[in-house]
Amino acid sequence: MAGYIPMQQTNPPLESSRSTTEPRLVRFFLIAIVIVFLSLFLVLPLIAIFVKAFDKGIDVYFASIRHPDALAAIKLTLIVALIIVPLNAIFGIAAAWLVSKFDFKGKNILITIIDLPFAVSPVIAGLVFVLLFGTHGFLGPWLFEHDIKIIFAVPGIVLATLFVTLPFVARELIPLMQAQGSAEEEASFTLGANGWKTFLFVTLPKIKWGLLYGVILCNARSIGEFGAVSVVSGHIRGLTNTMPLHIEILYNEYQFSAAFAVASLMSILAIVTLVVKNFIEWKTKTNK
Amino acid sequence: MSIKIQNISKSFGSFKALDDIHIHIKTGELVALLGPSGSGKTTLLRIIAGLEAADQGSILFGNEDITHIRTKERKVGFVFQHYALFRHMSVFDNVAYGLKVRPRKSRPSKKEIEERVYELLRLVKLEAYANRYPTQLSGGQRQRVALARALAVEPKVLLLDEPFGALDAKVRKDLRRWLRRLHDNFQITSIFVTHDQEEALDVADRVVIMNEGRIEQIGSPEEVYDHPNSPFVYDFLGNVNLFRGRLHKGKLHQGNFQIDAPEFSDAENKTAIGYVRPHDISIEKEENSKDGVSAVIKHIHVVGPIVHLELKRNDTEEYLEAELTKDLYNNLQLKTGEKVFVKPKQLRVFIPEDYTI
């Protein structure tokens, strides 16, 4: 369950003067703890993924990635991300705009509701959609009559992922836009610009790095989401399997090398995401 | 473009920010809205710009009612308190913004925009800074960019919200003179908001003094300073000494001294307060007349050509402030702890039932 991660951890560079630094032994001890911890729980598993993936040679590795089911899973995952990210970006901007520029009753309730997916377990998120759209669900009979498939189909996966990733962009932009205020937008209006031009030329450039950051987190989550998607997907190979689900199936069938091969692909995606994220953080800092 | 503000009221929840405001501003006038914080002056300015909607009343530019016209059509130049420059744009782009966002039909060509921007940057003496970003400028420079940006759209009305509030004293004074000259050259109807009475009196043609959402007094700087019509205005425009006493048949009695207050000749035994500016207090070393008040000099501070005295009255133990010229001070040879006689040269009496401070 990913929590809210603030955009910047602002650690002002500490002036290392004698009076404020710890004794050498303490420093050594603290650094050692961090290194051991990181290697044990982050670096080692990551290496293990790649070791296991190439366990049976490079041919098996590429064969498992090129397998039609794997390719279908990769394709589905990317399609879902492609749908989710723009939707969330639009929703996030709209919600942040609403919260930061207007005062209305129930604003706090709205912010709390936006946070709800962070608080609810993904499995429950998935079940909610089954309850709503499943055959025995609330809207199930009506959907069946009209031959619309949501559960155990791509729309269900998109909905579940959308629910889980909903807060990412909004959560990123709300504090940012609240801090920035609306003086520049007001200035733009007095200079004769309309709402759309003001958004395009003034607001968007101000929030672009925050927006991109939210988009990246949202993207990472939509690619990696397992719980909610698992409930609604139905695990139909080549049709409704996303990458995480595909990995699970392979693993359960004792095809460890194939499972880890796909897993390694996801890890690479994650690492790329992290690099881009760090670049953006660095860029935001230099822009300040 | 003249501005008529007619019975404008505005509330935020239960707080009445503006209460039935009427102001008529003539074409080409430079008017200051002066008042303490919370007096509603900024709200009024924002209503004129259309950034805030009035609960009632109307605003006319010339003969045109613009109460329900949106900000972008009002053609006002607005200079924000903290400049509100576009952080991600260079100085050039900031100034050019108002021209660039015009609809294609009325938008000047690229070359025309460039000429206009450089003309304005010359005017504010910032041509050399066209490619800088707002964060690379000093406060005074940012303020001038904000002005150039507001002027670029050739506004009919210029509105400035605490234009010099965030600047240090020296820059503030320079910019204030510069704004006055600019206004005299452009003859554009301007309103600026300030809480600094010196600034308002120094720059404006007319001063509107506001308090708690109402107008206390409107007049030229000289009028409002010399003839305040309420204790609030007296108190707000500079320092003032209070002489609390009894008003009886045109005279204010206090202890064993009395001063003429001819405008209250029919008053009978009323409590009243006399207001005296520090520079309207004369200091004498000897008791020449009966209406002098004896006091002890507690502090003397000399600021340039003016000497400020802090005195404590011997009869009521109240403190008084007096200002005199350095020449007079030298002639009198005053010292701290010395006993002197104080006499108001000019005083204005208000009866507290009518006003509260």
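In the predicted model, five residue pairs, both members at pLDDT 80 or more, are in polar contact between chain B and chain A. The elements of chain B that each give two or more residues to the side touching chain A are strand E6 (76-79), helix H2 (91-100) and helix H4 (139-152). Divided by class, this side of chain B holds 13 nonpolar, three polar and six charged residues.

Charged pairing also occurs between the two chains, where the count is two salt bridges. One of these links B:Arg46 to A:Glu186, with the closest N and O atoms 2.6 Å apart. The contact as a whole takes 22 residues from chain B and 18 residues from chain A, and the area buried between the chains is about 1700 Å², of which carbon and sulfur atoms give 62%. On the side of chain B, the residues that lose the most area to chain A are B:Lys72, B:Tyr97 and B:Val101, which together account for 31% of what that side buries.

Within chain A, a second interface arises from the division of the chain into domain 1 (23-54) and domain 2 (57-287). The contact between these domains takes six residues from domain 1 of chain A and 12 residues from domain 2 of chain A, while the C-alpha centres of the two domains lie 30 Å apart. Domain 1 and domain 2 of chain A bury about 800 Å² between them, with 78% of this area on carbon and sulfur atoms. Of the area that domain 1 of chain A buries against domain 2 of chain A, 60% is supplied by A:Lys52, A:Ala53 and A:Phe54, more than by any other three residues.

With respect to polar interactions across this interdomain interface of chain A, zero salt bridges are found, and the count of residue pairs in polar contact, both at pLDDT 80 or more, is one. The side of domain 1 of chain A that touches domain 2 of chain A is made up of five nonpolar residues, no polar residues and one charged residue.

An annotation is also available for part of chain A: UniProt, in an unreviewed entry, places the feature "domain: ABC transmembrane type-1" at residues 74-277. In the model, this span of chain A is 79% helix and 0% strand, and its end C-alpha atoms lie 22 Å apart.

Conventions:
Residues are numbered from 1 along each chain as its sequence is written. Chains are lettered from A and ligands numbered from 1 in the order in which they are written. This is a predicted model: local features need pLDDT of at least 70, side-chain atom pairs count only at pLDDT 80 or more; totals for chains, interfaces and linings use all residues. Side-chain values use heavy atoms; hydrogens and water are left out. Domain bounds come from an automatic or database domain assignment. Contact means heavy atoms within 4.5 Å. Buried area is the accessible area (1.4 Å probe) that two parts lose on being put together, summed over both. A salt bridge is a side-chain nitrogen of Lys or Arg within 4 Å of a carboxyl oxygen of Asp or Glu. A polar contact is a pair of N or O atoms within 3.5 Å; within protein, one must be able to donate a hydrogen and the other to accept it, and residues adjacent in sequence count only if both atoms are side-chain atoms. Ala, Val, Leu, Ile, Met, Phe, Trp, Tyr, Cys and Pro count as nonpolar, Asp, Glu, Lys and Arg as charged, and the others, Gly among them, as polar. UniProt positions are given in the numbering used here, feature names are shortened, and annotations may be inferred rather than shown by experiment. Helices (H or I, at least four residues) and strands (E, at least two) are DSSP runs, numbered from the N terminus.
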